[in-house]
Structure formats: C-alpha cells, structure tokens
Amino acid sequence: MAAAIKKIIPMLDRILIQRAEALTKTKGGIVLPEKAVGKVLEGTVLAVGPGTRNASTGNHIPIGVKEGDRVLLPEFGGTKVNLEGDQKELFLFRESDILAKLE
C-alpha cells in the first residue's frame, strides 16, 4: 500500500486521508449488521499538499496537519479515491473541511 500512496501527491491545500474502520463487533462478541454501524468520523492523514498560495507573495501557506496525524472529519464530503489493486478507500479533503486534529 505504501508504494501506491507515493503515487498520489495532493495539490495545494488538499489532504489524503484514510478513514478509520467501523467496529463491526461489540466487546461482548456480537456481530453488528452494516446498517447498524454508524459512519466513522475519524481518519489518519496519509499525504499532505504544500498548501495554498499567498496572493500577494506567491509563497505557500503551510497546512496545520502532517502525515500520521489523526483528524476529525465531517460526516459528508471529501472526494473518494480508489487505487488499482488496493481495497481501501482513501479520501481527499481540503484543509478547511477538516474539523479538528485529535491527539
């Protein structure tokens, strides 16, 4: 998977995120159906673009997250990215779409 991620370099203020997996089994061992599982609003940053450009100077404005950070995402939004041979879904979000950085 790491080789496939190296092929995607987000542009400007876009951030490549992998959503966390939804829990399909409770602590007691009960398997939950897909309809009962809520949407996961947490993800891990895989790649970050250089940031938007300052209109007056032309320099990049740095982004507030870095690779490996856990972030809180909106319920809807982002652009789904499917890679060849990879079953995991990745999403591209703008920096302004990310709600919070988790520690």
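Visitor: Let's start with one pair in the sheet. Which residue of β2 is the bridge partner of I17?

Guide: That's V45. Keep in mind that this is a predicted model. The pair belongs to a longer run: β1 and β2 are antiparallel and joined by five bridges.

Visitor: And on the other flank, what is the bridge partner of I15 in β5?

Guide: F93 takes that role. Here too the strands run antiparallel, with five bridges between β1 and β5.

Visitor: How do I get from pairs like these to the whole sheet? What is the strand order?

Guide: Read it as β4-β5-β1-β2-β3-β6, an open sheet of six strands with antiparallel pairing. Then look at the ends: β4 (79–81) and β6 (100–102) each have a single partner strand, so one side of each has no neighbour in the sheet. On average, neighbouring strands are turned by 45 degrees against each other, ignoring direction.

Visitor: How many bridges hold the edge strand β6 to β3?

Guide: Three, between antiparallel strands, with β3 covering residues 70–72. One of the pairs to check is R70 with L102 in β6.

Visitor: Now for packing. Is β1 mostly covered or mostly open?

Guide: Mostly covered, as five of its six residues are buried. The general idea is that nonpolar side chains tend to be buried together in soluble globular proteins.

Visitor: Which residues make up the largest nonpolar core here?

Guide: There are 10: I15, I17, V45, I63, V65, V71, L73, F91, F93 and I98. Two elements, β1 (14–19) and β5 (90–94), give two or more residues to this core. A second core, separate from that one, has seven residues, among them L16, A47, L83 and L90.

Visitor: Suppose I pick I15 and list what it touches. What turns up beyond four places in sequence?

Guide: Quite a list: P10, V45, A47, V48, I63, V65, F91, L92, F93, E95 and I98. Several names should look familiar, including V45, I63, V65, F91, F93 and I98 from the largest core.

Visitor: I'd like a contrasting case. Where is V31 found?

Guide: In the loop between β1 and β2, the latter spanning 42–48.

Visitor: Why does V31 count as exposed?

Guide: Because its relative accessible area is 60%, and the cut-off for exposed is over 50%.

Visitor: And which residues does V31 contact, leaving aside those within four places in sequence?

Guide: T24 and K25.

Technical notes. Residues are numbered from 1 along each chain as its sequence is written. This is a predicted model: local features need pLDDT of at least 70, side-chain atom pairs count only at pLDDT 80 or more; totals for chains, interfaces and linings use all residues. Side-chain values use heavy atoms; hydrogens and water are left out. A nonpolar core is a set of buried Ala, Val, Leu, Ile, Met, Phe, Trp, Tyr and Cys residues joined through side-chain atoms within 4.5 Å. Buried means under 20% relative accessible area, exposed over 50%, partly exposed in between (1.4 Å probe, protein chains only). Helices (H or I, at least four residues) and strands (E, at least two) are DSSP runs, numbered from the N terminus. Contact means heavy atoms within 4.5 Å. Two strands pair if DSSP finds at least two bridges between them. Axes are lines fitted to C-alpha atoms, for helices over the stretch in contact, and angles run from 0 to 180 degrees between N-to-C directions.
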